[in-house]
Amino acid sequence: MRRLSITQKDLKKSKDLVEKLLKVQGHKYNDWLHQQHQTFIEDNQDLILEALSAFTEPDGEEETSKKDAPSNVSSHENPVVHN
């Protein structure tokens with residue numbers, strides 16, 4: 001199923017309506033939006049942790065890779081650059 005592009009006009013209409021509804025309920029839009037972000041982050045915490053763990057080595061793996069490296073190769077000869 002293809003999703004239709006959402007226009008800025010559509011976004012503004014939705015935001016204005018939500019802001020008015022929240023105001024009637026005694027809530028602030030930015031507080032509500034922050035809570036939505038927090039909920040989304042919490043709901044995806046496993047994915048976030050999995051992605052972060054891909055950038056780190058488990059304990060002991062660094063020592064093992066140093067032991068396996070040829071002794072005539074310096075660990076500083078080919079530094080890894082992260083962008």
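What pattern does the protein follow, read along the sequence? In this predicted model, the answer is α-α-α-α. Put as a tally, the secondary structure comes to four helices and zero strands. Not much is tucked away here: buried residues account for 2% of the 83 residues in the protein. The accessible surface adds up to about 8600 Å², and carbon and sulfur atoms hold 54% of that area.

Part of the surface forms a nonpolar patch. Ile41, Ile48, Leu49 and Leu52 make up this patch, which covers about 360 Å². Helix H3, spanning residues 45-53, is the top contributor, with three residues. Ile41, by contrast, sits in helix H2, which runs over residues 29-43. With a relative accessibility of 44%, Ile41 counts as partly exposed, because that label applies between 20% and 50%.

Helix H2 also carries some aromatic company. A search of the whole structure turns up one aromatic pair. The partners are Tyr29 and Trp32, whose ring centres lie 5.8 Å apart with the planes at 40°, so the pair is tilted; stacked would need planes under 30 degrees apart, and edge-to-face over 60. Both Tyr29 and Trp32 belong to helix H2, where they are three residues apart, or about one turn of the helix.

How well covered are these two side chains? Tyr29 has a relative accessible area of 17% and is therefore buried, since the cut-off for buried is under 20%. Trp32, at 32%, is partly exposed instead.

Notes: Residues numbered from 1 in each chain as written. Predicted model: local features only at pLDDT ≥ 70, side-chain atom pairs only at ≥ 80, totals over all residues. Heavy atoms only, no water. Patch = residues over 30% accessible without salt bridge, like charges linked within 9 Å, V, L, I, M, F, W, Y side chains within 5 Å. Areas by Shrake-Rupley, 256 points an atom, 1.4 Å probe, with all protein chains shown as cover. Salt bridge = Lys/Arg side-chain N within 4 Å of Asp/Glu carboxyl O. Helix = DSSP H or I, 4+ residues; strand = E, 2+ residues; numbered from the N terminus. Buried < 20%, exposed > 50% of the residue type's maximum accessible area, 1.4 Å probe, protein only. Phe/Tyr/Trp six-rings, centres within 6.5 Å; stacked < 30°, edge-to-face > 60°.
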